[in-house]
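Subject: Structure handover

Hello,

Here is the structure we talked about. Please open it alongside these notes, which go through helix packing and then a strand.

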Amino acid sequence: MSRARAALRAPIRPDDVVPSPNIWHWPDLYEVENQAQDVDGEIWRVLRERCDWSGLDVVDVGCGDGFHLARFAESARAVVGVEPHQPLVRRARQRIGETSSVDVLSGSAQRLPLPDASVDVVHARTAYFFGPGCEPGLHEADRVLRPGGVLAIVDLDGTSEPYGPWLRADLPQYEPAKIETFFAEQGFESRPVTTTWRFDSRANLEAVLRIEFSAPVARRAISQVQGVSFAVGYRVRTRRKPSGLVQSGG
């Protein structure tokens, strides 16, 4: 899949993109966070059970600096990362180097730079799909999926201790029950997954918490965590596009 595909869709519009509060501003520190997340691979295990991508075409929506692309490329036929923030697009392309089966394109979840029915798995991890309001992205994922393909969304679980309460403290409008209802009504199966975040130093753990939360909530989180690890709950949501369903491009 070449970068020429970017011409298939209109340029990114400013109102397409919600700026990331962490990786856009601290990409090097976010790399530390990525390295620490899910050290036991529980999310990858559940994803593989729900949508094995071996020999298939995968697109990673909101791929950031491309951290997850290599993992998909180990067994996928082809992998495309889509990212709206140009500095991260450049970092992702540097990360993948000359890997022939992986490409990185500039685009948003609502306007993917891919043809209709061109991929088998659309993956998005804590990017864009946060409940009501993300319907344009859901429609776009269905457009690029082949019949029988899977949209896999990995979200933080706002009810899971201890990370969920920290998240809700900074986002009082965030209502986990409403989000669960939304995705159930959209036809998703959601599975809870408990992971471990483990850092190589206390200093790195504290630095990551400071970019994830406001100063008061970060201080609270730091005081509640002992050592260099803590549990973080996720929801892995999957929806399979019906085989034989025909949809027009949008």
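Helix 6 and helix 9 run roughly antiparallel to each other. Bear in mind that this is a predicted model. Helix 6 covers residues 163–170, and its packing angle with helix 9 is about 165 degrees. Anything over 145 counts as roughly antiparallel, so the label for this pair follows. The two axes lie 10 Å apart. The crossing is right-handed.

Which residues of helix 6 meet helix 9? They are Pro-165, Trp-166, Ala-169 and Asp-170. On the helix 9 side, the partners are Val-217, Arg-220, Ala-221 and Gln-224. Sorted by class, this contact holds 5 nonpolar, 1 polar and 2 charged residues.

Helix 9 also packs against helix 8. Helix 8 spans residues 202–212 and helix 9 spans residues 215–224. Their angle is about 150 degrees, with the axes 9 Å apart. This pair is therefore roughly antiparallel as well. Helix 8 passes helix 9 in a right-handed crossing.

From helix 8, the contact uses Arg-202, Glu-206, Leu-209 and Arg-210. From helix 9, it uses Ala-218, Ala-221 and Ile-222. The class count here is 4 nonpolar, no polar and 3 charged residues. Look at Ala-221 when you have both pairs on screen. It meets helix 8, and it also meets helix 6.

Now the strand. Is strand 1 buried or exposed? Strand 1 is residues 57–61, and 5 of the 5 are buried, so the rest of the structure largely encloses it. In a regular strand, side chains alternate between the two faces of the sheet. Both faces of strand 1 are covered. Asp-57, Val-59 and Val-61 are buried on one side. Val-58 and Asp-60 are buried on the other.

Strand 1 has pairing partners in strand 2 and strand 4. With strand 2, residues 78–83, the pairing is parallel and runs over 5 bridges. With strand 4, residues 119–125, the pairing is also parallel, over 4 bridges. Val-59 is a handy landmark for both. Val-59 stands opposite Val-80 in strand 2 and opposite Val-122 in strand 4.

To view it all, start with Ala-221 for the helices. Then go to Val-59 for the strands.

Best wishes

Note on methods. Residues are numbered from 1 along each chain as its sequence is written. This is a predicted model: local features need pLDDT of at least 70, side-chain atom pairs count only at pLDDT 80 or more; totals for chains, interfaces and linings use all residues. Side-chain values use heavy atoms; hydrogens and water are left out. Axes are lines fitted to C-alpha atoms, for helices over the stretch in contact, and angles run from 0 to 180 degrees between N-to-C directions. Helices (H or I, at least four residues) and strands (E, at least two) are DSSP runs, numbered from the N terminus. Angles under 35 degrees count as roughly parallel, over 145 as roughly antiparallel, 65 to 115 as roughly perpendicular and the rest as oblique. A crossing is left-handed if the near helix is turned anticlockwise from the far one by less than a right angle, and right-handed if clockwise. Contact means heavy atoms within 4.5 Å. Ala, Val, Leu, Ile, Met, Phe, Trp, Tyr, Cys and Pro count as nonpolar, Asp, Glu, Lys and Arg as charged, and the others, Gly among them, as polar. Buried means under 20% relative accessible area, exposed over 50%, partly exposed in between (1.4 Å probe, protein chains only). Two strands pair if DSSP finds at least two bridges between them.
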